[in-house]
Amino acid sequence: MSITYLEAIREAQAKLLRDDQRVFIYGQDVGGNFGGAFKATKGLAKEFPGRVLNTPISEDAILGTAIGAAIQGMRPIVEMQFADFSSIALNQILNHAGTHYWRTGVAVPITVRLPSGGTKGSGPFHSQSMESIYAHYPGLIVMTPATVEDAYTMLIESVAIDDPVIYCEHKYLYYHLKADKLPDKGLPSGRARIVREGRDLTIVSYSAMVQESLTAVAELAREGFEIEVVDLRTVKPLDTDTVLASVARTGRLLCVGESFPWGGATAEIITRVTSQGFHLLDAAPQRLNAKDTPIPYHPNLWSAHRPNAKNIVAKARQLLRE
Amino acid sequence: MLQTAQRTVKSKKKKGALPHERFLEAFRWMLLARTLEEKLVSLYRGGLITGGVYIGKGQEAVSVACGLFLQKSDIFAPLIRDQAGRSAFGEPLLDVTRTYLGSRLGPMRGRDGNIHRGHPRKNELAMISHLGAMISVTVGALLAKRFKGEKNFVGLACIGEGGMQTGAFHEGMNIAAVEQVPLVVVATNNHYAYSTSNDREFACHDLVDRAIGYGFEGYSLDGTDLGACLDVIGSAVKRARAGRPPQLVVASMLRLSGHGEHDDASYVTEEVKQQPFARDCLKVAEQTIIDLNLLDADTLAEWRKDAVAQVEEAIAAAQKEPAPEGDKEDWCALSMPDLSDSFE
C-alpha cells in the first residue's frame with residue numbers, strides 16, 4: 001500500500017475528527033460530497049456529519065469564526081483554499097489569533113491549513129509561499145512539512161498545540177510524494193531533521209525545496225561531494241541548534257526557500273548562523289529563493305522562477321569552490 | 001420584517017409598560033460610566049494616563065442596554081464606547097482603571113491598554129482595533145456553544161457606523177446569517193467616523209436597510225432615548241434567544257466627545273449639535289426620571305455620590321498597584337513556551 005502526502009493530510013484529519021470531539025473543519029468547499037478543491041477532506045463530511053462545514057468566500061470571517069470557536073474551547077481546522085487567499089485573513093490571523101494569548105492570557109488553538117507553493121500553470125495568485133510573512137509576526141507557529149510522514153504527524157500535532165499553527169502544506173508534494181505507511185509518532189514539534197548526512201556543505205531547506213535539494217545533492221554526490229541536508233520542518237520556531245551543529249560539521253551553508261527573496265526564512269537562518277556561528281564558516285553563507293517578481297503562469301517561466309535542483313546544484317558548486 | 005423603534009416604543013408607552021426598575025438600573029450604570037469616564041479624562045489631561053482615552057459619552061443608553069439583557073453565559077463583544085454595557089455585563093471597575101493605568105495586576109497586565117480589554121473566559125471578548133473583526137469572532141463563539149450542546153444562549157456584538165463600512169463587517173454579518181447563530185449586532189450611528197461625517201461614510205438611504213440583505217431582522221432606534229434602547233435591544237436579544245434570525249439594531253445619536261480625548265472634535269458643526277440625535281441620553285433619562293417622579297432628589301444625589309465613590313476607590317486601588325517592568329516580562333507570545341523561538 002502506498003499513501004500520498006495529500007492522503008496523509010486527509011487521514012490525519014479523519015483521525016482528529018474521530019478522536020477529538022472539539023475538532024471541526026471549516027473552509028470553502030470542504031464539505032458535502034466535494035471534499036475540498038484538492039480533496040483533502042474527501043468523504044469527511046459524510047463520515048462526521050455537521051463537523052466539516054462549507055463556508056462562504058469570506059476568508060476574514062472564516063478565520064474570525066475559528067478564533068471565536070477556539071476561545072470557547074473548540075479545536076477548529078481551517079482550510080484556506082489556497083495559501084494566497086489567506087492574505088484576506090491576515091488581519092484575523094496576525095492581529096487577532098497572534099496577539100490573543102499575549103494580551104488576554106487565553107490561548108487560541110486553531111490550525112490554519114495553507115495549500116502552498118507553486119505548481120505548473122497556477123500563476124501569481126495560486127502559487128504563493130507565505131510562511132515568512134506568518135513567521136515574522138509573534139504568537140504563531142509555522143509548520144512546513146516536507147514528507148508524507150511529517151504531513152501526517154505534524155497536522156495531528158498542530159491540533160494538539162494550544163497556540164495558533166499555520167500549517168503550510170505544499171501542493172506540488174500532494175501527489176508527488178508517497179510513503180508505505182503512516183507513522184504513529186514523529187519528531188517533536190520545532191525540531192529539524194538531518195535528512196542526509198554530509199561533510200562538505202549544509203543545505204538548509206523546508207517544504208518542497210527539501211525534495212529539490214535532495215535531487216541536487218544526489219547529482220553532486222556523483223561528483224564526490226557529500227552534502228548534508230537539513231529539513232527545518234517548522235520555520236517557527238526555527239531549530240537553530242541543529243543548523244549550527246550541521247554547519248560545524250561542514251563549514252558551508254546554503255539555504256533554499258521557495259518564497260520571495262526579501263527577508264524571510266532563508267535570511268533568518270543566515271543571520272543566526274553568522275551571528276552565532278561565524279567562526280564555523282569557511283565561506284560566506286548563501287541562499288536561493290524565488291525571484292523577486294510575481295509568480296509566472298507559463299511552465300517555462302515558472303520553473304525558472306523558483307529554486308530547482310539545477311540552480312541549487314549551480315549555487316552549491318559555486319559555494320564548494322570557495 | 002423591518003420595524004421602526006418608534007412604533008415599538010409608542011405601543012409600549014400606550015400600555016404604560018415602561019419597566020421602571022430596569023430603567024432605573026440602566027440609568028445607574030450610565031451614571032457610573034459617565035462618572036468613570038469623566039474621571040479618566042481628567043487623569044488623561046493631567047498626564048496620568050498614557051496612550052489614549054476613548055469615551056462613550058452620548059452612547060451610554062445604547063451601550064447599557066447591550067450589557068443589561070445578557071446573562072453570564074452569553075457572549076458580549078463590546079467596542080470602544082461601551083463602558084456602560086461592559087459594567088452592566090459584569091466587568092468590575094477595577095478592570096477599567098487597572099487597564100487605563102497599566103497595572104500589572106489588571107486583565108491586560110500593561111500589555112494592552114484602554115478599551116482593548118476583556119475577559120474571554122468570562123465571555124467578554126477583548127476587541128482589537130480593526131473594526132468589524134469582532135462580528136465573526138462572536139459568531140465562532142456561538143458556533144462553539146452550539147457544538148457543545150449548550151442551549152438558550154445569545155451573543156451581542158457592538159459596532160459603529162464607521163465599522164459597518166469594513167469588509168470584515170460584511171463578511172461577519174453574512175457568515176452569521178449563514179450559520180443562523182443567535183446573534184444581535186447593535187450598531188451606533190454616532191454620525192462621525194473619527195472626523196468623517198456620514199455623507200463620506202456611506203451612500204445608502206438608511207443603514208438598517210442592509211439587514212434584509214444579510215438575512216438579519218433590522219430595527220432602527222433613537223439612541224438618545226433610554227426607554228427605547230431598553231425596549232428595542234431587549235426585544236432583539238429576546239428574539240435571538242428564541243431562535244429568530246440574527247438581529248441588527250441601528251441606533252442614532254451624536255458622539256458627545258472627540259474620537260479620543262486627544263481630539264477636540266472641532267469638525268462637529270453647530271448645526272449638527274442642534275439636531276434631535278445630538279441630545280445627551282443621560283440628561284434625557286434623568287429628565288424622564290424627574291418627570292415621572294421615579295426617584296426623589298435625595299436618592300438621585302445619593303446615586304451620584306455613590307458613583308463618585310466607586311470610581312475614586314477603583315482609581316486609588318489601581319494607582320497603588322505595581323506597573324509592569326520590562327526585565328520581569330517573560331516576552332513569550334505563546335502559551336506553550338517550549339515552542340517559542342529563541343532570539344538570544
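Let's start in the middle of chain A, with strand E5, residues 111–116. Six of its six residues are buried, so to speak a mostly covered strand. This is a predicted model, by the way.

Look at the two faces of E5(A). A:Thr111, A:Arg113 and A:Pro115 point one way. A:Val112, A:Leu114 and A:Ser116 point the other way. Both sets are buried.

Now its neighbours. On one side is strand E4, residues 75–79 of chain A. E4(A) and E5(A) pair in the parallel sense, over three bridges. Take A:Ile77: its bridge partner in E5(A) is A:Thr111. E4(A) and E5(A) also belong to a β-α-β unit, with helix H4, residues 90–104 of chain A, as the helix. That unit is right-handed.

Then there is strand E7, residues 165–170 of chain A. E5(A) and E7(A) run parallel too, joined by six bridges. Here A:Thr111 comes up again: its bridge partner in E7(A) is A:Val165.

Step back to the sheet. What is the strand order? It is E3-E2-E4-E5-E7-E6-E12, all from chain A. That makes seven strands in an open sheet, and the pairing is mixed. The edges are strand E3, 52–54, and strand E12, 234–236, of chain A. Each has a single partner strand, so one side of each is left without a neighbour in the sheet. From one strand to the next, the twist averages 20°.

One more pair from this sheet. Strand E2, residues 23–27 of chain A, pairs with E4(A) in the parallel sense, with five bridges. A:Val23 stands opposite A:Arg75 in E4(A).

Next, a single residue: A:Pro164. Where does A:Pro164 lie? In the loop between helix H6, 148–160, and E7 of chain A. Is A:Pro164 buried or exposed? The cut-off for buried is 20 or more other C-beta atoms within 10 Å. A:Pro164 has 29 C-beta neighbours inside 10 Å, so it counts as buried.

What does A:Pro164 touch, leaving out residues up to four places away in sequence? The list is A:Ala97, A:Gly98, A:Val108, A:Ile110, A:Gly139, A:Leu140 and A:Ile141. Pick out A:Ala97. A:Pro164 and A:Ala97 are 67 residues apart along the chain, yet their C-alpha atoms are separated by 6.5 Å.

On to the second sheet of this talk. It is an open sheet of five strands of chain A, in the order E9-E11-E10-E13-E14. Again the pairing is mixed. Strand E9, 193–196, and strand E14, 286–288, of chain A stand at the edges. Each has a single partner strand, so one side of each has no neighbour in the sheet. Neighbouring strands here are turned by 25° against each other on average, direction ignored.

Inside this sheet, look at strand E10, residues 201–205, and strand E11, residues 227–231, of chain A. They run parallel, with five bridges between them. A:Val204 stands opposite A:Val230 in E11(A).

Helices pack here as well. Helix H10, residues 264–277 of chain A, packs on the sheet. H10 touches E10, strand E13 (253–256) and E14 of chain A. The direction of H10 makes about 155° with that of E13(A). Helix H12, residues 309–321 of chain A, lies across E10, E11, E13 and E14 of chain A. H12 runs at about 175° to E14(A).

Now the whole chain. How many helices and strands does chain A have? There are 12 helices and 14 strands. The radius of gyration is 19 Å, close to the 20 Å that the globule rule gives for 322 residues, so chain A is as compact as a globular protein of that length. Along its principal axes, the C-alpha trace spans about 60 × 40 × 40 Å. Of the 322 residues, 57% count as buried. Take the contacts in chain A with a separation of 6 or more: residues 24 or more positions apart account for 79% of them.

Last, the partner. The contact between chains A and B takes 38 residues from chain A and 35 residues from chain B. On the chain B side, helix H6 (133–147) and helix H7 (167–179) each supply at least two residues. H6(B) gives the most, with 11 residues. By class, that side of chain B has 18 nonpolar, 11 polar and six charged residues.

Terms used:
Residues numbered from 1 in each chain as written. Chains lettered and ligands numbered in written order. Predicted model: local features only at pLDDT ≥ 70, side-chain atom pairs only at ≥ 80, totals over all residues. Helix = DSSP H or I, 4+ residues; strand = E, 2+ residues; numbered from the N terminus. Rg over C-alpha atoms; globule rule 2.2 N^0.38 Å. Buried ≥ 20, exposed ≤ 12 C-beta atoms within 10 Å, placed from the backbone. Contact = placed C-beta atoms within 7 Å. Pairing = 2+ DSSP bridges. Right-handed = clockwise from strand over helix to strand, strands pointing away. Nonpolar A, V, L, I, M, F, W, Y, C, P; charged D, E, K, R; others polar. Axes fitted to C-alpha atoms, helices over the stretch in contact; angles between N-to-C directions.
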